[in-house]
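Hi everyone, thanks for having me. Let me put the structure up on the screen, and then we can walk through it together.

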Amino acid sequence: MVLEVAFFHIKEGMENDFEKAFERASKLFNKVDGYLGHTIHACVETKGKYMVQVQWETLDSHMKGFVESPIFNEWNDQVGHYFKPDIYMEHFTMVHERGDD
């Protein structure tokens, strides 16, 4: 499993509209082979900053199956106009998970 972690800064005053649009647009993820789930978090300290975590089976599931597909363009058409131009994204794999120690 690969975890995509992206940080978005939303234009001032558009946070509520962005959250609603993201909820609608995120349903498009279900059309992508290898999509496993996602979460979105609003930053406590910085208004308008969001962290999105998307679980993919592989890096290619995200980069080829989503980003290089028409589905990404549809997703971006729904939410991209809310973003300030300082998007930051990386991919991670799990090294250790805490269990019921």
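I'll start with the sheet, move on to the helices, and finish with some individual residues. Please keep in mind throughout that this is a predicted model.

So, the sheet. How many strands form it, and in what order? There are four, arranged as E2-E3-E1-E4 in an open sheet, and their pairing is antiparallel. Let your eye travel to the edges, where you will find strand E2, residues 35–42, and strand E4, residues 88–92. Each of these has a single partner strand, so one side of each is left without a neighbour in the sheet. On average, neighbouring strands here are turned by 15° against each other, if we ignore direction.

Now let's go through the pairs. E2 and strand E3, which covers residues 49–56, run antiparallel and are joined by seven bridges. If you want something to click on, Tyr35 has Trp56 in E3 as its bridge partner. Another one to try is Gly37, whose bridge partner in E3 is Gln55. E2 and E3 also make a hairpin, with six residues between the two strands. In that turn sits Gly48, and its phi is positive, about 90°.

On to E1 and E3. These two are antiparallel as well, with eight bridges joining them. Here Val2 stands opposite Trp56 in E3. You have just met Trp56 as the partner of Tyr35, and now Val2 faces Trp56 too.

The next pair is E1 with E4, again in the antiparallel sense, over five bridges. Phe7 is a nice residue to find in this pair, and its bridge partner in E4 is Tyr88.

Next, the helices. Which strands does helix H2 lie across? H2, residues 59–67, lies across strand E1 (2–9), E3 and E4, and it runs at about 140° to E4.

Let's turn to charges. The structure holds two salt bridges. One is between Lys84 and Glu12, and their closest N and O atoms are 2.5 Å apart. Why might you want to look at where these two sit in the chain? Lys84 is in the loop between helix H3 (70–79) and E4, while Glu12 is in the loop between E1 and H1, so the pair ties together parts that are 72 residues apart in sequence. Lys84 is partly exposed, with a relative accessible area of 27%, and Glu12 is exposed, at 60%.

In the other salt bridge, the side chains of Lys47 and Glu15 meet, at 3.9 Å from N to O. This pair also links distant parts of the chain, with Lys47 in the loop between E2 and E3, Glu15 in helix H1, and 32 residues separating them. Are these two residues buried or exposed? Lys47 is exposed, with a relative accessible area of 70%, whereas Glu15 is buried, with a value of 10%.

Now please find Ile10, in the loop between E1 and H1. Ile10 is buried, because its relative accessible area is 2% and the cut-off for buried is under 20%. What does Ile10 touch, once we leave out residues up to four places away in sequence? The list is Glu15, Phe18, Gly48, Tyr50, Tyr82, Phe83 and Lys84. You will recognise some names there: Glu15 from the salt bridge with Lys47, Lys84 from the one with Glu12, and Gly48 from the hairpin turn. Ile10 and Lys49 are 39 residues apart along the chain, and their C-alpha atoms are separated by 6.3 Å.

Let's finish at the surface. Met1, Leu36 and Met94 form a nonpolar patch there, and together they have about 300 Å² of accessible area. Met1 belongs to the segment before E1, and Met1 is partly exposed, with a relative accessible area of 43%.

Last stop, His96, in the segment after E4. His96 is exposed, with a relative accessible area of 67%. From the C-alpha atom of His96 to that of Leu28 the separation is 30 Å, and the two residues are 68 apart along the chain.

That's my tour, and I'm happy to go back to any part of it.

Terms used:
Residues numbered from 1 in each chain as written. Predicted model: local features only at pLDDT ≥ 70, side-chain atom pairs only at ≥ 80, totals over all residues. Heavy atoms only, no water. Pairing = 2+ DSSP bridges. Axes fitted to C-alpha atoms, helices over the stretch in contact; angles between N-to-C directions. Contact = heavy atoms within 4.5 Å. Patch = residues over 30% accessible without salt bridge, like charges linked within 9 Å, V, L, I, M, F, W, Y side chains within 5 Å. Areas by Shrake-Rupley, 256 points an atom, 1.4 Å probe, with all protein chains shown as cover. Salt bridge = Lys/Arg side-chain N within 4 Å of Asp/Glu carboxyl O. Buried < 20%, exposed > 50% of the residue type's maximum accessible area, 1.4 Å probe, protein only.
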